Amino acid sequence: MHGPASPGWLLVALCAATGAYCLLRMRSTVEEQRRSAGGEALMGFGMAAMAVPAAVFSPPPWTWPLYAAVFGAAALRALWSARSSPHHLHHLVGASAMVYMAVAMALSPDHHAGHGATSGVPLLTGALLFYFTGYVLLSGVRLVPAAAGGGNVRWGDRPELAKACRLSMGIAMVAMLITL
């Protein structure tokens, strides 16, 4: 994205760590954990790649349509999965937001170079900011009373860590939308 370099690197680290934990969750013995972890890992790593500061690396023009295609496919998968679990509607919104940001970046290549132009449709960006801000606030409230898993619970099976991952990706999405 196009913010200052230090917060950009923090965002990259946060998203990459979240993606790595989601890969760990894919090995869980709990079926629901495995089902959602793959999409969340893709989202975490995709957000990490997209958040690399433009001053360090300006991706070639073909990467934005590739991002849009990958996250478009993820959005279709989330739409299909939403038939059985309403949690996947959030994945649909997240993947669609990634498609939106990739298309906005593809349509304004000068913006990524830091020329101060604006990308995207302000009304859609505002609606996504409203959704993800509400999601972050609600997730934070739900996370506060969560009891830490104890005993022999594996790292990939800990629901409070999965909630923390989703919360951190929501925060990252808010930051990325603000800098769009």
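User: In this predicted model, what relative accessibility does E40 have, and does that make E40 buried or exposed?
Analyst: Burial is judged here by a cut-off, and a residue counts as buried when its relative accessible area is under 20%. In the predicted model, E40 falls under that cut-off and therefore counts as buried, with a relative accessibility of 2%.

User: Which residue in helix α1 meets E40 in a salt bridge?
Analyst: E40 lies in helix α2 (residues 31-50), and its partner lies in helix α1 (residues 5-25), so the pair ties together parts that are 15 residues apart in sequence. The two side chains meet at 2.5 Å, N to O, and both residues of the pair are buried. The partner of E40 in this salt bridge is R25.

User: How many residues apart in the chain are R166 and E40, whose side chains also meet in a salt bridge?
Analyst: The side chains of R166 and E40 come together at 2.7 Å, N to O, and R166 is buried, with a relative accessible area of 17%. R166 belongs to helix α7 (residues 159-179) while E40 belongs to helix α2, and this pair links distant parts of the chain, the separation being 126 residues.

User: Which residues are linked in a network of salt bridges?
Analyst: A search of the whole structure finds two salt bridges. One of them is formed by R25 and E40, and another is formed by R166 and E40, so E40 takes part in each of these pairs. The residues linked in the network are R25, E40 and R166.

User: What is the angle between the ring planes of W64 and Y67?
Analyst: W64 and Y67 are three residues apart in helix α3 (residues 63-81), which means that about one helical turn separates them. W64 is buried at 7% relative accessibility, and Y67 is likewise buried at 18%. Their rings lie 5.4 Å apart, centre to centre, and form an edge-to-face pair with an angle between the planes of 80°.

User: Which residue of the aromatic pair Y131 and F132 is buried?
Analyst: The two rings form an edge-to-face pair, with 5.0 Å from centre to centre and 85° between the planes, and ring pairs link both residues with Y135 into a cluster. Y131 has 30% relative accessibility and therefore counts as partly exposed. The partner has a relative accessible area of 3%, so the buried residue is F132.

User: Which residue lies over the face of W80?
Analyst: For an arginine, the position of CZ decides whether the charge sits over a ring, and CZ has to be within 6 Å of the ring centre. Here the distance from the ring centre of W80 is 3.7 Å, and the residue lying over its face is R83.

Conventions
Residues are numbered from 1 along each chain as its sequence is written. This is a predicted model: local features need pLDDT of at least 70, side-chain atom pairs count only at pLDDT 80 or more; totals for chains, interfaces and linings use all residues. Side-chain values use heavy atoms; hydrogens and water are left out. Rings of Phe, Tyr and Trp (its six-membered ring) pair if their centres lie within 6.5 Å; planes under 30 degrees apart count as stacked, over 60 as edge-to-face and the rest as tilted. Helices (H or I, at least four residues) and strands (E, at least two) are DSSP runs, numbered from the N terminus. Buried means under 20% relative accessible area, exposed over 50%, partly exposed in between (1.4 Å probe, protein chains only). A charge sits over a ring if NZ of Lys or CZ of Arg is within 6 Å of the ring centre and within 35 degrees of the ring normal. A salt bridge is a side-chain nitrogen of Lys or Arg within 4 Å of a carboxyl oxygen of Asp or Glu.
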